[in-house]
Amino acid sequence: MWGRRGRGKGKNGRRRSARGEARAGARLAREVEAFLSGSSEDWFFTRGQNIPAWAYINKVAHADPDRLGQLAAWAPVEPSRCHGWREAVAILARETIEAGERNPRAIRRIQLDSLVGLELQLISRTSRVAPRALVALGRACLTDHPDWDPPSEPHAPT
């Protein structure tokens, strides 16, 4: 995803045609859309590519509260029983909801203030991260900022 791309050049180093440029632009738009919608895991999976750890946190960092609830439903009762990516995502989704005290605005703030930052850090890492390690990193981000008060509503003029 977002691999190195030569300006206007195809894989063989030759200049791309206008049609090739349009296809490359459309592909980039789909990649960005997947990233911003929290669908990066699906993007990699449908292309038969290895799924990097950051794509799993991407699901939690960009999900709306209803989707977080769906993801959290897979969380094991005992968080130490995290054996795979589905459980890791579910645990972090549940803990994000809990940290935001089920307030959609507080949850969104947590996602933007902490989880997106973790996602970006993981993108820059070249080392592998196991599901349990991802949970530990996510928990550290969630507990790093104890004040999750949602932004106040604008007050009507009196």
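**Helix packing in an all-helical chain**

The axes of helix α5, which covers residues 85-99, and helix α6, which covers residues 104-124, come within 8 Å and cross at roughly 120°. This description belongs to a predicted model, and it offers a convenient place to begin reading the fold. Two packed helices are described by the angle between their axes and by the distance between those axes. Angles from 65 to 115 degrees count as roughly perpendicular and those over 145 as roughly antiparallel, and α5 and α6 are therefore oblique to each other. The crossing in which α5 passes α6 is right-handed. On the side of α5, the residues that take part are Thr96, Ile97 and Ala99, and they meet Ile107, Ile110, Gln111 and Leu115 of α6. Sorted by class, this contact of α5 with α6 holds five nonpolar and two polar residues, with no charged residues.

Between these two helices runs a loop, and Glu101 is found in it, as is Arg102. Most residues other than glycine have a negative phi. Glu101, although not a glycine, has a positive phi of about 50°, and Arg102, which is likewise not a glycine, has a positive phi of about 65°. Are these loop residues buried or exposed? Glu101 counts as exposed because its relative accessibility is 70%, and Arg102 is exposed with a relative accessible area of 61%, the cut-off for exposed being over 50%.

Helix α5 also has a partner in α7, which spans residues 131-144. The axes of α5 and α7 come within 9 Å and cross at roughly 10°, and that angle makes α5 roughly parallel to α7. The crossing of α5 and α7 is right-handed. Here Trp85, Ala88, Ile91, Leu92, Glu95 and Thr96 of α5 meet Pro131, Leu134, Val135, Gly138, Arg139 and Leu142 of α7. The residues of this contact divide into eight nonpolar, two polar and two charged. Thr96 is named in the contact of α5 with α6 and is named again in the contact of α5 with α7.

Helix α7 is also the place of Cys141. With a relative accessible area of 17%, Cys141 is buried, since buried means under 20%. The C-alpha atom of Cys141 is separated by 10.0 Å from that of Val116, a residue 25 positions away along the chain.

Another pairing involves helix α1, made of residues 18-37, and helix α3, made of residues 53-62, which pack at an angle of about 60° with their axes 7 Å apart. That angle makes α1 oblique to α3. In this pair Ala34, Phe35, Leu36 and Ser37 of α1 meet Trp54, Asn58 and His62 of α3, and the contact comprises four nonpolar and three polar residues, with no charged residues.

These pairs can now be set within the whole chain, which has seven helices and zero strands and which follows the pattern α-α-α-α-α-α-α when read along the sequence. Of its 158 residues, 36% are buried. The chain exposes about 10,300 Å², and carbon and sulfur atoms supply 51% of that area. Among the contacts in the chain with a separation of 6 or more, 57% are accounted for by residues 24 or more positions apart.

How values were computed: Residues are numbered from 1 along each chain as its sequence is written. This is a predicted model: local features need pLDDT of at least 70, side-chain atom pairs count only at pLDDT 80 or more; totals for chains, interfaces and linings use all residues. Side-chain values use heavy atoms; hydrogens and water are left out. Helices (H or I, at least four residues) and strands (E, at least two) are DSSP runs, numbered from the N terminus. Buried means under 20% relative accessible area, exposed over 50%, partly exposed in between (1.4 Å probe, protein chains only). Contact means heavy atoms within 4.5 Å. Accessible areas come from the Shrake-Rupley method with a 1.4 Å probe; for residues, only the protein chains shown count as cover. Axes are lines fitted to C-alpha atoms, for helices over the stretch in contact, and angles run from 0 to 180 degrees between N-to-C directions. Angles under 35 degrees count as roughly parallel, over 145 as roughly antiparallel, 65 to 115 as roughly perpendicular and the rest as oblique. A crossing is left-handed if the near helix is turned anticlockwise from the far one by less than a right angle, and right-handed if clockwise. Ala, Val, Leu, Ile, Met, Phe, Trp, Tyr, Cys and Pro count as nonpolar, Asp, Glu, Lys and Arg as charged, and the others, Gly among them, as polar.
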